[in-house]
Amino acid sequence: MRTAFIETLNELADQDSRVCLIVGDLGFSIIEAFAEKHPDQFVNAGVSEQNMIGLAVGMALTGKIVFTYSIGNFGTLRCLEQIRNDVCYHRANVKVVAVGGGLGYGNLGVTHHASEDVAIMRALPNMTVVAPGDPIEARLATRAVVAHDGPAYLRLGKAGEPVVHTTQPDFELGRALTLREGSDVTLIASGGMLATADKVAKDIAAQGIGVRLLSMHTVKPIDRDAVTRAATETRYVFTLEEHSIEGGLGGAVAEVMAEMDSGHAPLKRIGLRPEFNTTVGDQNYLKSLHGLDQESVLKTIQQIIARSYGRVG
Amino acid sequence: MSADNRASDDELRALARKLRSHSLRMISQAKTSHIGSCLSVADILAVLYGRILRVDPKRPAWPSRDRLIVSKGHAAAIVYAAVAEAGFMPVERLAEFARNGGQLYGHVTHGGVPGIEMSSGSLGHGLPVGTGMALTGKRAGEPWRVFVVMSDGELDEGSNWEAMLFACHHQLDNLTIIIDYNKIQSLDWVDKTLRLEPLADKFRAFGWSVREVDGHDVKELSSTLGTLPLEGGKPNAIIAHTVKGKGVSWMEGKVLWHYKQPTPDELVTALAEVAAS
């Protein structure tokens, strides 16, 4: 995803000299081409995230469209108040980009696990929160946040995420993409969990169950309409995210469903347990400990379907 | 360019008295804090708006304007007074200060207040943003400049030192900080909290060009700020030695007046002292 992002940003910077990139001394082997091609649109702020966000705001308030780039928590939580006061309050045209969203830097340690970032960014006024589901969405999301005049948070995976979309989707911020139609259950995925959700959906569909699959690439503003339809037109809603089940996609979907006027399907949030990891592991290993591997997700959903068979089958 | 830009020294002193009087009234009536912090920065703001800043109150968003960020956002009352006296908004609007339904919050707020570049209130935010503005201006070869007014206690915030490293590395000589060095921070004297001295040496070690001035001497402030950059290729640090509560004898050098507001009776004597100064 990060390759898709930087290639797209390079193209955008070719076309528009306002597009700038500030890195927090990270992005080895990723950002060099941009830096060489666009020296006047590139800055390495050094290891100083608070200053990085401040610089971005200063540049944005003088007419630039500024991307900041860092790893998960460094570019979001370390400088949270700068993002709140300087970016969001001033509606500055700053796009905060984090790579390694979720457990992308799994075996590097808990400091590198970005597991609450979506919840925290989502709570900020004026902030648009985007977690594209595959490299195709990452390209489209990069273009979309440039076209959007105002703050955005772009949460990317690291590398090697599979392409899920088989055709070029009609991407719009705030509007979920439907990858599969069905009327029994709905899977709503954000970020890299889209690939897992896609495979699980196929497995479940093979058992004769109608599955709707939504890519909720924009977690804020959430597509309330798509959630409401899923909660009334299908009989069970599952959210899948590589993020704490508290406050992220699952939280956003739960908020919409809880405020519906009339009856709605039950909801199961599938995501990271809200706790610090204590076992070393790479991304896939740690995901399996949280039940986020394909097999575990399938099992979780199948058990719920079996239990609720009267309502779902 | 501001209409007052060619103000004489006497006119600058008169403007400073006006700003002090406004902020005393605003803070007394709204029963808010930080009068000491307003009084110490009065002459600095008078010189900036009266003689230094290239701004146009009729075009607050004029692209070629100088940018002023007041990072010590708790001095909001006098900042609003300064933009009002500079002509960005009617002086009558100062009555909105910290009042229900108004737009002039108790810390510097940009929304609905023309002439304010940036909201502040949490310390250590202004310099990084000002540095980003200066980088844009420098890269584009723009003539406009960036000024950031900061407090001494604010220098405890690490974000400033991140920005100082950056501004030096990128040779941002279009960036000037003015430190309102009144020697008192929130709970106590700076020297008893986190000592800043030797402050000028710290800036020099960070690659900045430094001048120490009397922050209440409009002539010295003007001549220093009128000859920027101090050295080509280096950002500018003006350490303005000031007195907290300056202009009201019984407020001067007292931590108490970081918080207390003058009673109506105290306001009368304070205004009389300012008028006579």
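In this predicted model, Y80(B) touches residues well beyond its sequence neighbours. With neighbours within four places in sequence left aside, Y80(B) is in contact with L94(B), F97(B), L104(B) and V113(B). Y80(B) also belongs to the largest nonpolar core, which has 180 residues. Along with L187(A) and I78(B), Y80(B) ranks among the residues with the most contacts inside that core. Helix α2 of chain B, residues 35–52, gives the most to this core, contributing 12 residues. Chain A takes part as well. Its domain 1 (2–155) and domain 2 (177–312) both give residues to the core, so the core lies between them.

Strand β9 of chain A offers a second view of burial. This strand covers residues 211–215, and five of the five are buried, so β9(A) is largely enclosed by the rest of the structure. In a regular strand, side chains alternate between the two faces of the sheet. Both faces of β9(A) are covered. V211(A), L213(A) and S215(A) are buried on one side. R212(A) and L214(A) are buried on the other.

Two strands pair with β9(A). Strand β7 of chain A (residues 177–180) pairs with β9(A) in the antiparallel sense, over three bridges. Here L177(A) has S215(A) as its bridge partner. Strand β8 of chain A (residues 185–189) pairs with β9(A) in the parallel sense, over five bridges. S215(A) is also the bridge partner of A189(A). From β8(A), the chain crosses to β9(A) through helix α7 of chain A, residues 193–206. This β-α-β crossover is right-handed.

Notes. Residues are numbered from 1 along each chain as its sequence is written. Chains are lettered from A and ligands numbered from 1 in the order in which they are written. This is a predicted model: local features need pLDDT of at least 70, side-chain atom pairs count only at pLDDT 80 or more; totals for chains, interfaces and linings use all residues. A residue is buried if 20 or more other C-beta atoms lie within 10 Å of its own, exposed if 12 or fewer, and partly exposed in between; C-beta atoms are placed from the backbone. Helices (H or I, at least four residues) and strands (E, at least two) are DSSP runs, numbered from the N terminus. Two strands pair if DSSP finds at least two bridges between them. A crossover is right-handed if, with the strands pointing away from the viewer, the path from the first strand over the helix to the second runs clockwise. A nonpolar core is a set of buried Ala, Val, Leu, Ile, Met, Phe, Trp, Tyr and Cys residues joined through C-beta atoms within 7 Å. Domain bounds come from an automatic or database domain assignment. Two residues are in contact if their C-beta atoms, placed from the backbone, lie within 7 Å.
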